[in-house]
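Here's a quick briefing to read alongside the model. Have the viewer open as you go.

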Protein chains: 2
Amino acid sequence: MPDLLTIGELSARSGVAPSALRYYERLGLIRADRTGGNQRRYARAELRRVAFIRISQQVGVSLDEIREALDSLPEARTPSPQDWARLSASWRSRLDERIRLLTKLRDDLDGCIGCGCLSLQRCTLNNPEDTLAGEGPGARLVLPRPTDAPTPAGSLS
Amino acid sequence: MPDLLTIGELSARSGVAPSALRYYERLGLIRADRTGGNQRRYARAELRRVAFIRISQQVGVSLDEIREALDSLPEARTPSPQDWARLSASWRSRLDERIRLLTKLRDDLDGCIGCGCLSLQRCTLNNPEDTLAGEGPGARLVLPRPTDAPTPAGSLS
DNA sequence: CCTTGAGTTGAAGTGCACTTCAACTCACAC
DNA sequence: GTGTGAGTTGAAGTGCACTTCAACTCAAGG
């Protein structure tokens, strides 16, 4: 019943590089048993964890947040389908928001291309309602970083 | 007619930090004239360039590619609305693809949550064939993030 | 003039998500 | 027993997109 996987096997089946798997382990996202010779051996259940990690990344979640989510799984037993469903569902609104923003961007872009004003002005592209009218040299509220931002810019013309 | 902007003004109007504007200049994404005292003075047209940069980033384009796109603008004259429309339109398919993948991910996630299998197996979530069928250097799955899978994603269970 | 806030520079630092490297050990087929 | 490919480690490196810092200069109002 053990049926453990080596790091190479887990890598092959998950599509994630061995170096990345070791990295995930350091961050506490996955775990492995060790053989007498100190080599990692993964339970099949780790496959789901890795899959969940990759999916979460596609949703735009950081490894740190993914770790938090994974920490909420029961430690005592192997997570049930329901456990995984709960976690995955927790990203749902995030995904929706991302899709919404991207779709809005597309529509705005189409509008701009159509009217020719291109890149803002009366476009809603930037500045939905003139937030940050008078910030100082720290009017930072643009893209936070890797994620797509809910970032209104100032009036641009 | 000149009506030049200081870096602080451009920053305030674009919502981009002065340090980022200097960084963009170093990369050749924007340009500035200089006063006798060596301070930057931006033509209003630079506002559109900055806006284009931020929009492009939201689409998921790297600064390097944005630079390439901007390089295609006419140098002789101030870019026309049509010039900007052309550039923006060039990201359209990218945006569409991103939206499509994210939407597919959402649907797959819903399906998995519904059936309880969660995280792939017969799910299309970790789909091989569909997207990235055996690319070389760049088998990027979804987000144009850092390197993805060196090994082709295999069956996950 | 003087003060003060805004601007200048190059170099170094940051955060994320990994990858690469060197030096070494394991597991296993022959 | 031995060769070979797979695995181990910590430390350092990578790429991107910036930010921070120190030391200094500029621009403009009073």
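How far does a backbone N or O atom of Gly8(B) lie from a phosphate oxygen of DNA strand C? The gap is 2.9 Å, which fits the cut-off for a polar contact (a pair of N or O atoms within 3.5 Å). Bear in mind that this is a predicted model, where local features need pLDDT of at least 70, side-chain atom pairs count only at pLDDT 80 or more, and totals for chains, interfaces and linings use all residues. Residues are numbered from 1 along each chain, chains are lettered from A in the order written, and side-chain values use heavy atoms, leaving out hydrogens and water.

**Around DNA strand C**
- There are 21 residues around the strand (a heavy atom within 4 Å), and Gly8(B) and Arg40(B) are among those that come nearest.
- Sugar and phosphate make up 82% of the strand's atoms that come within 4 Å of the protein.
- Arg34(B) puts a side-chain N or O atom 3.1 Å from a phosphate oxygen, while a polar backbone atom of Leu63(A) sits 3.4 Å from one.
- α2(A) gives the largest share of this surface, 4 residues; helices here are DSSP runs of H or I, at least four residues.

**Aromatic pairs**
- A search over all chains turns up 6 aromatic pairs (ring centres within 6.5 Å).
- Phe52(A) and Trp84(A) form a tilted one, 5.6 Å centre to centre with 45 degrees between the planes; tilted covers angles that are neither under 30 degrees (stacked) nor over 60 (edge-to-face).
- Both Phe52(A) and Trp84(A) are buried, meaning under 20% relative accessible area with a 1.4 Å probe, protein chains only.
- Ring pairs join Phe52(A), Trp84(A) and Trp91(A) in a cluster.

How values were computed:
Polar contact = N/O pair within 3.5 Å; in protein donor to acceptor, adjacent residues only side chain to side chain. Helix = DSSP H or I, 4+ residues; strand = E, 2+ residues; numbered from the N terminus. Buried < 20%, exposed > 50% of the residue type's maximum accessible area, 1.4 Å probe, protein only.
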